[in-house]
Amino acid sequence: MADHLADVTKYAKKAVNEAALAGLEKTYRLVLSQADSRFVACSDPAERDTVRENFLKKKLGLTGGDLDGAIKAVCEAMKDEHNKSRLTFYYLLAEHFDRLDAFSA
């Protein structure tokens, strides 16, 4: 968790909600353990579609708003990272949409 906390801290706009981060880590433990799904590839349109459909729509229940714009904003914020941690990426999206509470229970 310490590695994830340090990574999220670099990008989060507010103090990191450690309970939400732990909840995300627990929810996505299997995904994070797989080498091919541990990172988000912003350059791949299919990957961005997957983030939008499976995380923003299905997991967070979002239907409106600029979902693609939010994904692009997180890609831009993390542009210096070659390997963009999926956990950090998802945390930043949940923070953007004020939905961290979905993971802190």
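Is Tyr28 buried or exposed? In this predicted model, Tyr28 has a relative accessibility of 12% and therefore counts as buried, since the limit for that class is under 20%. The aromatic residues around this tyrosine are described below, followed by the last helix, the disulfide and the charged pairs.

A pair of aromatic rings is described by the distance of the centres and the angle of the planes. Four aromatic pairs were counted in the model, and one of them is formed by Tyr28 and Tyr90, whose ring centres lie 5.1 Å apart with the planes at 70°, so that the pair is edge-to-face. This pair links distant parts of the chain, for Tyr28 lies in the loop between helix H2 (18–27) and helix H3 (29–33), whereas Tyr90 belongs to helix H6 (residues 86–96), 62 residues apart. Tyr90, with a relative accessibility of 5%, counts as buried, as does Tyr28 at 12%. A further pair consists of Phe55 and Phe103, with ring centres 6.0 Å apart and planes at 10°, and because planes under 30 degrees apart count as stacked, the pair is placed in that class. Phe55 is found in helix H4 and Phe103 in the segment after H6, 48 residues apart, so this pair too links distant parts of the chain. Phe55 is buried, with a relative accessible area of 0%, and Phe103 is buried as well, with a value of 4%. Tyr28, Phe55, Tyr90 and Phe103 together form one aromatic cluster.

Helix H6, which contributes Tyr90 to this cluster, is largely enclosed by the rest of the structure, because ten of its eleven residues are buried. Among the buried residues of H6 are Arg86, Leu87, Phe89, Tyr91 and Leu93. At the N-terminal end, H6 is capped by Ser85, a side-chain oxygen of which lies 3.3 Å from the backbone nitrogen of Leu87. After the helix comes Asp98, whose phi is positive, near 55°. Arg86 of H6 is also touched by Ser37, which in addition touches Val31, when residues up to four places away in sequence are not counted. Ser37 lies in the loop between H3 and E1 and, at 17% relative accessibility, counts as buried.

A search of the whole structure for disulfides finds one, formed by Cys42 and Cys75, with the sulfur atoms 2.1 Å apart. The torsion about the S-S bond of these two residues is about -90°, and the disulfide is therefore left-handed. Because Cys42 lies in the loop between strand E1 (39–40) and helix H4 (45–59), while Cys75 lies in helix H5 (residues 67–77), the disulfide ties together parts that are 33 residues apart in sequence. Cys42 is buried, with a relative accessible area of 15%, and Cys75 is likewise buried, with a relative accessible area of 11%.

Side chains of opposite charge can pair when their charged atoms come close. Eight salt bridges were counted in the model, including one between the side chains of Glu81 and Lys10, with a distance of 2.8 Å from N to O. Here again the partners come from distant parts of the chain, since Glu81 lies in the loop between H5 and strand E2 (84–85) and Lys10 in helix H1 (residues 2–11), 71 residues apart. Glu81 counts as partly exposed, at 22% relative accessibility, whereas Lys10 is exposed, with a relative accessible area of 53%.

Further salt bridges involve Glu53, which is paired with Arg52 at 2.9 Å between the closest N and O atoms and with Lys57 at 3.2 Å, N to O. Lys57 and Glu53 both lie in helix H4, four residues apart, which is about one turn of the helix. An α-helix has 3.6 residues a turn, so residues three or four places apart point the same way. Lys57 counts as partly exposed at 34% relative accessibility, and salt bridges that share partners join Asp49, Arg52, Glu53, Lys57 and Asp68 into one network. Within this network, Arg52 is buried, with a relative accessible area of 16%, whereas Glu53, at 30% relative accessibility, counts as partly exposed.

Note on methods:
Residues numbered from 1 in each chain as written. Predicted model: local features only at pLDDT ≥ 70, side-chain atom pairs only at ≥ 80, totals over all residues. Heavy atoms only, no water. Disulfide = S-S within 2.5 Å. Helix = DSSP H or I, 4+ residues; strand = E, 2+ residues; numbered from the N terminus. Buried < 20%, exposed > 50% of the residue type's maximum accessible area, 1.4 Å probe, protein only. Phe/Tyr/Trp six-rings, centres within 6.5 Å; stacked < 30°, edge-to-face > 60°. Polar contact = N/O pair within 3.5 Å; in protein donor to acceptor, adjacent residues only side chain to side chain. Contact = heavy atoms within 4.5 Å. Salt bridge = Lys/Arg side-chain N within 4 Å of Asp/Glu carboxyl O.
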